[in-house]
Amino acid sequence: MRRETGVGHPGPAGEATTRGSGEPPPPRVIAWEVTRSCNLACRHCRASAVRGPYEGELSTAEAFDLVDQIASFANPILILTGGEPLMRADVFDIAARGVERGLRVVMSPNGTLVTPEVARRMKEVGIGRISVSIDFPGAAEHDAFRGVPGAFDGAVRGIRNALAAGVEVQVNSTITKMNVHHLPALLALAEKLGAVSFHPFMLVPTGRGKDLEEQELPPEEYERALEWMFDAQQESALFLKPTDVPHYWRVMRQRAKAKGKKIEVHPHSHGGLHTLTRGCLAGIGFCFISHRGEVQPCGYFDKVAGDVRKTPFPEIWRSSPLFVELRDLDGLKGKCGVCEFKKVCGGCRARAYEATGDYMAEEPYCAYVPRAWCPPAAP
């Protein structure tokens with residue numbers, strides 16, 4: 001499974017609503033699993049991806065039609081992900097279609113297939129950035145996590161090939177108990193390799209990642225990791241964006257206030273791929289499209305909002321009952337429902353769904369107690 005590359009713009013698409021009104025803003029970021037086939041076997045993979053092939057993937061004609069539908073009403077960052085997107089033979093045709101329609105097309109490969117020729121093709125087509133995941137600063141642990149010997153060296157080689165071709169690179173890392181102590185070293189490695197940004201992803205235990213549930217950071221350790229990220233964010237030359245952890249937006253504000261600083265999203269933030277918006281964007285400013293055309297709030301949120309083979313994508317985005325519910329912050333429950341930070345955070349709806357079966361339940365990995373929270377009386 002590959003991770004998202006870059007983030008959309010601030011503004012209305014990054015804001016959920018209270019019970020409200022009108023047509024929702026268009027999506028600002030769409031992650032599209034163009035294939036589920038993958039040459040790695042990562043321990044945390046949302047899709048439990050293997051080499052495949054997988055039946056039912058959208059055809060080239062269907063892919064082109066989907067690109068056209070997206071471009072008809074939105075101008076998002078379009079992330080071509082997987083699986084391993086480079087295992088799809090027509091991936092550059094799809095990318096070119098997106099660029100021709102005015103979309104900002106990026107890609108999320110694992111790096112091992114990014115040869116000099118592939119990197120040059122990316123540049124020619126107009127892919128502005130790729131993200132490559134490195135989860136440990138050394139080969140042995142990274143290769144064990146990714147399930148294939150040579151994965152670390154392949155990722156590093158792919159990064160260097162992309163940079164040599166003039167394609168920007170973002171380094172992603174999935175953070176668990178196993179590697180949280182490596183955060184400084186991972187940031188330093190991203191800087192050394194010449195990446196433009198570093199995105200630590202907090203594990204969402206779905207797919208094969210269910211087997212790593214015990215490796216998820218407990219709420220108190222989450223807080224410490226997020227505080228480190230805020231401090232590192234202020235000092236690093238890279239754009240650093242904690243991902244899959246909506247309560248970072250609370251920590252960011254609390255940390256800035258404690259330091260007597262003006263609350264800023266990021267000193268290096270300047271729009272486009274370098275912009276922070278709000279916490280959970282699932283169904284609000286972001287969505288995921290599977291290899292079979294099923295639309296979900298995000299890749300970890302295993303609930304389908306619609307199928308592009310049956311319903312036009314713009315209609316799914318605007319009218320899906322699931323998306324409509326997610327956009328209504330008044331529907332949040334538990335601590336999230338009364339939290340003074342819910343408009344900038346919202347809690348991870350995918351984690352709530354995995355932990356409780358209720359995607360509007362409170363974020364299960366947040367240690368914060370809202371000012372207005374009154375715990376239910378014991379029976």
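**Figure 1. Isoleucine 79 of strand S2 stands opposite valine 106 in strand S3.** This close-up, like the others here, comes from a predicted model. S2 and S3 (residues 104–107) run in the parallel sense and share four bridges. On another pairing of S2, strand S1 (residues 29–33) joins it, also in the parallel sense, over five bridges. There, alanine 31 is the residue that stands opposite isoleucine 79. How many of the five residues of S2 are buried? Five of the five are, so S2 is largely enclosed by the rest of the structure. Look along the strand and you will find Ile77, Ile79 and Thr81 pointing one way, with Leu78 and Leu80 pointing the other way, all of them buried.

**Figure 2. A cis peptide bond joins glycine 82 to glycine 83.** Omega for this bond is near 15 degrees. To find the spot, follow the chain into the loop between strand S2 (77–81) and helix H2 (91–100), where glycine 83 sits.

**Figure 3. Tryptophan 32 belongs to the largest nonpolar core of the chain.** That core has 98 residues, and Trp32, Leu80, Met122, Ile130, Ile134 and Phe313 are the ones that touch the most other members. Leaving out residues up to four places away in sequence, the partners of tryptophan 32 include Leu78, Ile79, Leu80 and Thr81. Leu58, Ala63, Leu66 and Val67 are also among the residues that tryptophan 32 touches, as are Ile94, Ile289 and Ser290.

**Figure 4. Isoleucine 289 lies in strand S8 (residues 286–289).** Is this side chain buried or exposed? Isoleucine 289 has a relative accessibility of 0%, so it counts as buried. Neighbours within four places in sequence aside, its contacts include Ile30, Ala31, Trp32 and Glu33. Leu66, Ile70, Glu294, Val295 and Phe313 are in contact with isoleucine 289 too. The last of these, phenylalanine 313, is 24 residues away along the chain, and the C-alpha atoms of the two residues are 9.7 Å apart.

**Figure 5. Strand S4 (residues 129–133) is covered on both faces.** Five of its five residues are buried. Arg129, Ser131 and Ser133 lie on one side, while Ile130 and Val132 lie on the other. S4 pairs with strand S5 (residues 168–175) in the parallel sense, over five bridges. A handy landmark for this pairing is serine 133, which stands opposite asparagine 172 in S5.

**Figure 6. Helix H7 (residues 219–235) spans 25 Å from its first C-alpha to its last.** For its 17 residues, that is close to the 24 Å expected at 1.5 Å a residue. Which residues of H7 are buried? They are Pro219, Tyr222, Glu223, Ala225, Leu226, Met229, Phe230, Ala232 and Gln233. The cover over these buried residues includes three helices to look for, H6 (183–193), H8 (248–258) and H12 (349–356). Strands S6 (197–202) and S7 (239–240) are also part of what covers them.

**Figure 7. Aspartate 244 has a positive phi, near 60 degrees, although the residue is not glycine.** You can locate aspartate 244 in the loop between S7 and H8. With a relative accessible area of 17%, aspartate 244 falls under the 20% cut-off and is therefore buried.

**Figure 8. Nine aromatic pairs are counted in the structure.** In one of them, the ring centres of tyrosine 222 and tyrosine 365 are 5.9 Å apart and the planes meet at 35 degrees, so the pair is tilted. This pair links distant parts of the chain: tyrosine 222 is in helix H7 and tyrosine 365 is in the segment after H12, 143 residues apart. Tyrosine 222 is buried, at 1% relative accessible area, and tyrosine 365 counts as buried at 18%. An edge-to-face pair is formed by tryptophan 317 and phenylalanine 323, with 5.5 Å from centre to centre and 65 degrees between the planes. Tryptophan 317 and phenylalanine 323 are both buried. Elsewhere, ring pairs link Phe301, Tyr353 and Tyr359 into a cluster.

Definitions and conventions
Residues are numbered from 1 along each chain as its sequence is written. This is a predicted model: local features need pLDDT of at least 70, side-chain atom pairs count only at pLDDT 80 or more; totals for chains, interfaces and linings use all residues. Side-chain values use heavy atoms; hydrogens and water are left out. Helices (H or I, at least four residues) and strands (E, at least two) are DSSP runs, numbered from the N terminus. The expected span of a helix is 1.5 Å times one less than its number of residues. Buried means under 20% relative accessible area, exposed over 50%, partly exposed in between (1.4 Å probe, protein chains only). Contact means heavy atoms within 4.5 Å. Two strands pair if DSSP finds at least two bridges between them. A nonpolar core is a set of buried Ala, Val, Leu, Ile, Met, Phe, Trp, Tyr and Cys residues joined through side-chain atoms within 4.5 Å. Rings of Phe, Tyr and Trp (its six-membered ring) pair if their centres lie within 6.5 Å; planes under 30 degrees apart count as stacked, over 60 as edge-to-face and the rest as tilted.
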